[in-house]
Amino acid sequence: MDKIREEDLLHIKRAWCYIAPWTQTNEIYAPLKINGVPAGICVMSKKGAGSPFWNMMEIPLSPEAVTGLRRTNTLLVENPDRKEFGLAHVFLLAQLENGRIIKTETAPAVYLSFLMTNQERLFPDPEFIRPVKLGADLEEISLTFEKAYPPIQ
């Protein structure tokens, strides 16, 4: 594992957002913005997002979002249809032109698009949960590239 150099960020070829969703809704489209730039859409359904602990999805980032990536990035998950969902284990992964991979740390919380009742019963530490009023965009998530890995052989 190597340190990330500032110049590495100028050589990102492609990037992805990884999210583990949870929902009881048939279909949800949650647009993503990274650093204010439209980056992709997180498409969830109860069939594919039954548990945030094993249903990781990979969302390729738009070329515009890739170009705008920085050392520290702000991810905004929108909720235009006012649906209930949760997101866990959120991080960014990018491949550099030389094949090396860089990764952000994993977001420190579970982000909910609704306010929960009795959350102490569902999660051992309520500080771990970041709910918002139903219909609002999720709390902005700060993700910093921390690790660099050699190219995959």
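How many bridges join strand E6 to E7? In this predicted model, three bridges join strand E6 (residues 85–96) to E7, and the two strands run antiparallel. Gln-95 stands opposite Ile-101 in E7. Four residues lie between the strands of this hairpin. Within the hairpin, Gly-99 adopts a positive phi near 95°.

Strand E7 (residues 101–104) also pairs with strand E10 (residues 141–149). That pairing is antiparallel and comprises four bridges. Here Ile-101 stands opposite Tyr-149 in E10. Ile-101 thus has a partner in E6, Gln-95, and a partner in E10, Tyr-149. The side chains of E7 split between two directions: Ile-101 and Lys-103 point one way, Ile-102 and Thr-104 the other. All four are buried. The charged end of Lys-103 sits over the ring of Phe-91, 4.4 Å from the ring centre.

Phe-91 also takes part in aromatic pairing. Two aromatic pairs were found. In one of them, Tyr-18 and Phe-91 are stacked, with 4.9 Å between centres and 10° between planes. Tyr-18 belongs to strand E1 and Phe-91 to strand E6, so the pair ties together parts 73 residues apart in sequence. Both rings belong to buried residues: Tyr-18 has a relative accessible area of 14%, and Phe-91 one of 13%. Trp-22 and Phe-114 form another pair, tilted because their planes meet at 45°, with centres 6.1 Å apart. Trp-22 lies in strand E1, whereas Phe-114 lies in the loop between strand E8 (110–112) and helix H2 (119–122), so this pair ties together parts 92 residues apart in sequence. Trp-22 is partly exposed, at 23% relative accessibility. Phe-114 is buried, with a relative accessible area of 10%.

Charged contacts were examined next. The whole structure contains six salt bridges. One of them joins Arg-5 to Asp-8, whose closest N and O atoms are 2.9 Å apart. The partners differ in burial class. Arg-5 is partly exposed, with a relative accessible area of 41%, whereas Asp-8 is buried at 3% relative accessibility. A network of salt bridges links Arg-5, Glu-7, Asp-8 and Arg-100.

Another salt bridge is formed by Arg-71 and Glu-6, at 3.6 Å from N to O. This pair links distant parts of the chain, 65 residues apart. Arg-71 is in the loop between helix H1 (63–67) and strand E5 (72–77), and Glu-6 is in the segment before strand E1 (12–23). Arg-71 is partly exposed, with a relative accessible area of 27%.

Lys-33 and Glu-78 likewise meet through their side chains in a salt bridge, at 3.5 Å from N to O. This pair too links distant parts of the chain: Lys-33 lies in strand E2 (residues 28–34) and Glu-78 in the loop between E5 and E6, 45 residues apart. Lys-33 is partly exposed, with a relative accessible area of 27%. Glu-78 has 19% relative accessibility and counts as buried, because the buried class covers values under 20%.

The surface also carries a nonpolar patch, formed by Tyr-29, Ile-41 and Val-43. Together these residues have about 260 Å² of accessible area. Ile-41 lies in strand E3 (residues 37–44). At 45% relative accessibility, Ile-41 is partly exposed.

How values were computed:
Residues numbered from 1 in each chain as written. Predicted model: local features only at pLDDT ≥ 70, side-chain atom pairs only at ≥ 80, totals over all residues. Heavy atoms only, no water. Patch = residues over 30% accessible without salt bridge, like charges linked within 9 Å, V, L, I, M, F, W, Y side chains within 5 Å. Areas by Shrake-Rupley, 256 points an atom, 1.4 Å probe, with all protein chains shown as cover. Salt bridge = Lys/Arg side-chain N within 4 Å of Asp/Glu carboxyl O. Buried < 20%, exposed > 50% of the residue type's maximum accessible area, 1.4 Å probe, protein only. Pairing = 2+ DSSP bridges. Phe/Tyr/Trp six-rings, centres within 6.5 Å; stacked < 30°, edge-to-face > 60°. Lys NZ or Arg CZ within 6 Å of the ring centre and 35° of its normal.
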